[in-house]
Amino acid sequence: MDDAAQFGAALKHLTEALAAPVPAHELYQRVVDEALRLTSAETAVLCMLTEAGDQLDFVAVAGADARQVVGLRIRVADSISESALRSRRPVLLDSRQLAETGDLFAPSSRRARDRVLQPPLDDRAATGQVRSAAVAPIMVADRPVGTLLVQCESGAPDAPRFGHSALDILSALASLVSVGIHVSQATDRVCDLGRELAVLYDAAQTVSGNLNVQQVMENALAALCGHIEFQTVSLFLLNDERTHLFIAAERGLTEEERDVQLAVDVGPHALCLSTGQAQIAVAPDAPEPEYDSAERAAARSIIIAPIKSRSDIHGLLQITSPQRDAYREVDLRLAATVGVQAGIAIENAWQYEAAQRQGEQATALYDLSQHVNATLNLDSVLNFVAESVINLLNVDRFALMLVDEQSQRLVPRLSRFIDEADFVDFSPAMGEGIPGWVYEWQTPQAVANVAADPRDRTASLERFGAASVLCVPMHVGDNMIGVLMGMTVRRRLFTVGEMELLYTIANQAAVAAYNAMQYRLARARAHEMSRYLRRIAGAIGLSFVGNLPQVIAELAVEIVRADRCMIYATDGENLVLRASSGFRSAPVDTAVRIGDGLAGWVARRGQSLVIATVQDDPRSSAQGFIHRDHVASYCGVPLKAGRRTVGVIEIFSVRPRDFTQEEIQLLTTFAKRSRLAERLSPHP
């Protein structure tokens with residue numbers, strides 16, 4: 001077969017390889033094999049320029065010392081390819097030129113090191129050792145990317161010298177390599193586009209087609225893991241305060257690494273959050289402050305992509321690899337695409353869950369309102385409140401505490417999933433513990449870490465298993481009657497919406513509980529009133545009806561839980577003492593002029609009078625026993641027959657207190673039903 005036929009067969013063989021297509025390294029090896037065969041050279045080499053363009057990598061070698069040469073890297077300036085790369089044209093080199101440019105393999109190969117001990121090149125040429133080389137540049141888009149060269153070094157008389165035919169062969173083969181590079185790049189682009197389309201399809205099918213937030217995040221990671229090599233993949237979300245990133249979903253992390261949180265203003269993720277652009281980061285060899293998570297310490301390549309919808313950034317995707325330069329631009333685009341898809345899907349899921357939650361909350365609040373307002377049974381009201389809080393807020397423990405008016409402490413009234421034997425003795429005063437703080441300042445509190453809160457030391461909730469707590473006050477008008485608490489056994493960040501929901505429940509519960517307590521108190525008072533009236537009826541039935549004012553005086557002390565009572569009847573311009581109760585000896589103030597003293601003031605104006613500190617009132621000086629008996633508080637109620645004031649009931653307490661309007665009304669009603677005024681009236 002002549003040279004032309006051999007050349008044609010070689011071109012056909014290589015063209016078929018291009019059409020296959022075969023991998024790039026296999027094509028390169030076939031090219032150097034054909035170059036060696038067609039030019040009868042001793043060595044054929046295909047070199048590719050590095051990215052910086054100042055060095056050559058020997059990617060395929062055929063002929064002598066092929067195993068030792070392949071994989072070498074030398075500087076362009078030290079190679080015989082320099083002139084071809086500089087001129088972008090094929091070049092023939094003879095012994096003189098080789099002497100000027102140096103050995104093909106110097107100084108990297110073992111052969112080159114061995115030649116250091118041999119005579120200089122010119123001396124070897126003089127003794128008949130002739131060397132010749134041919135070099136053709138490999139051009140892609142009018143830019144040199146490598147060279148194809150052949151070389152001979154032999155002392156035999158028939159050793160070939162390369163001519164223009166060798167250059168033509170090398171140029172043709174170099175053109176085929178250029179085509180192969182084009183095909184490889186096109187194939188890579190097609191593969192990359194295929195990967196992108198596959199990721200987009202997976203994201204559209206799994207990520208965007210779901211309205212469950214956690215499932216959306218898991219699907220986003222699955223879409224990435226199926227198309228990108230990784231060591232770990234983490235999906236970070238911003239917390240409510242947008243100060244830290246926490247891991248919401250992951251692949252490949254350890255238990256400790258899952259709890260890592262990243263500050264938003266430190267490290268490479270800070271740039272991604274501020275610009276909204278995905279980036280490829282390179283981890284340092286030694287851990288630095290910005291690489292503070294455990295999985296980053298072993299990473300060599302990192303992709304960071306924002307999770308965003310429109311202009312809002314919700315978090316980050318982070319993909320790591322232990323290999324350096326593991327990721328390309330196509331991987332970055334894939335991560336950025338999934339980040340956008342995940343961001344839109346997460347926001348849609350959040351909005352759906354928010355709407356669903358608002359609907360559930362509205363229904364639950366309506367049911368709560370209907371239930372608590374339909375009954376005056378306090379236990380029923382509080383039990384329904386407890387169930388509503390546990391279901392709506394998904395908490396592990398619940399407690400309701402009411403204010404005890406006498407001790408001014410919070411006392412347990414109802415609890416769920418708390419040891420009652422321990423909780424029954426839990427009674428924080430104002431300012432003690434987190435409940436006491438809410439009681440004092442009447443402000444809701446959400447505490448994510450109860451154990452770290454200094455307020456918990458004085459009245460600990462941690463001993464009841466609470467890791468996080470949401471505590472809100474219960475108000476009726478301006479009065480605070482207690483607190484509601486929802487607790488979790490694991491740390492949890494309660495949202496503002498959850499706080500507002502519990503506050504709304506607390507306000508409804510407070511009104512319902514207050515109404516139920518008032519109803520219970522009214523029933524108890526009515527029962528007491530019936531019992532008192534039965535005693536009065538028995539006293540009226542006595543033959544000696546003069547005992548009635550005395551009986552009423554004694555009962556009046558019981559009704560308002562006071563210490564002293566005096567009943568006066570009008571007699572002209574004076575008030576005359578008709579009965580007293582609670583005094584150690586008979587009062588000396590048996591008569592008081594109308595208009596003088598406290599009783600005279602009540603009789604003159606026909607109005608009730610309440611004084612918290614009676615001894616500070618100058619009107620009390622007209623009734624000397626007040627200072628002598630050291631009474632503290634006073635309540636006076638006029639007794640009327642029609643519109644005329646016919647007497648006065650005076651109530652005293654030894655300890656300071658505020659007599660309520662309800663007690664005044666109760667005392668007035670009691671006196672009216674006992675018909676005391678008719679008994680005291682001088683004109684029946």
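In this predicted model, helix α9 (residues 213–225) and helix α12 (residues 329–373) make a good place to start: their axes come within 9 Å and cross at roughly 170 degrees. Since angles over 145 degrees count as roughly antiparallel, that makes α9 roughly antiparallel to α12. From α9, the residues that meet α12 are V213, V216, M217, A220 and L224. On the α12 side, the contact takes in L334, A335, V338, A342, A345, I346, A349, W350 and E353. Sorted by type, the residues of this contact come out as 13 nonpolar, no polar and one charged.

Next comes helix α10, which spans residues 268–275. Its buried residues are P268, H269, A270, C272 and L273. Just after α10 sits G276, and this glycine takes a positive phi of about 75 degrees.

Now for the charged side chains. Side chains of opposite charge can pair when their charged atoms come close. The structure holds 15 salt bridges, and a few of them are worth a walk-through. One of them joins the side chains of R86 and E82, with 3.8 Å from N to O. Both residues belong to helix α4 (residues 82–87), and because they are four residues apart there, about one helical turn separates them. As a general point, an α-helix has 3.6 residues a turn, so residues three or four places apart point the same way. How exposed are the two partners? R86 has 61% relative accessibility and counts as exposed, while E82, at 32%, counts as partly exposed.

Another salt bridge is formed by R416 and E387, whose closest N and O atoms are 3.2 Å apart. This pair links distant parts of the chain: R416 lies in strand β14 (residues 409–416), E387 lies in helix α13 (residues 378–393), and the two are 29 residues apart. Here R416 is buried, with a relative accessible area of 18%, whereas E387 counts as partly exposed at 36% relative accessibility.

Further along the chain, the side chains of E663 and R657 meet in a salt bridge of 2.5 Å, again taken from N to O. In this pair, E663 counts as buried at 10% relative accessibility, and R657 is partly exposed with a relative accessible area of 22%. Salt bridges can also join up into a network, as they do for E250, E255 and R258.

The last stop is a sheet. Strands of a sheet pair through backbone hydrogen bonds, either parallel or antiparallel. Which order do the six strands of this open sheet follow? Reading across, the order is β20-β19-β18-β23-β22-β21, and the pairing is antiparallel. At the edges are β20 (591–593) and β21 (609–611), each of which pairs on one side only. From one strand to the next, the twist averages 20 degrees.

Within this sheet, strand β22 (residues 633–641) and strand β23 (residues 644–653) run antiparallel and are joined by nine bridges. To pick out a single position, G636 has E650 in β23 as its bridge partner. A helix is also part of the picture: α17 (residues 548–559) lies across β18 (564–571), β19 (574–581) and β23. Relative to β19, helix α17 runs at about 65 degrees.

How values were computed
Residues are numbered from 1 along each chain as its sequence is written. This is a predicted model: local features need pLDDT of at least 70, side-chain atom pairs count only at pLDDT 80 or more; totals for chains, interfaces and linings use all residues. Side-chain values use heavy atoms; hydrogens and water are left out. Axes are lines fitted to C-alpha atoms, for helices over the stretch in contact, and angles run from 0 to 180 degrees between N-to-C directions. Angles under 35 degrees count as roughly parallel, over 145 as roughly antiparallel, 65 to 115 as roughly perpendicular and the rest as oblique. Contact means heavy atoms within 4.5 Å. Ala, Val, Leu, Ile, Met, Phe, Trp, Tyr, Cys and Pro count as nonpolar, Asp, Glu, Lys and Arg as charged, and the others, Gly among them, as polar. Buried means under 20% relative accessible area, exposed over 50%, partly exposed in between (1.4 Å probe, protein chains only). A salt bridge is a side-chain nitrogen of Lys or Arg within 4 Å of a carboxyl oxygen of Asp or Glu. Two strands pair if DSSP finds at least two bridges between them.
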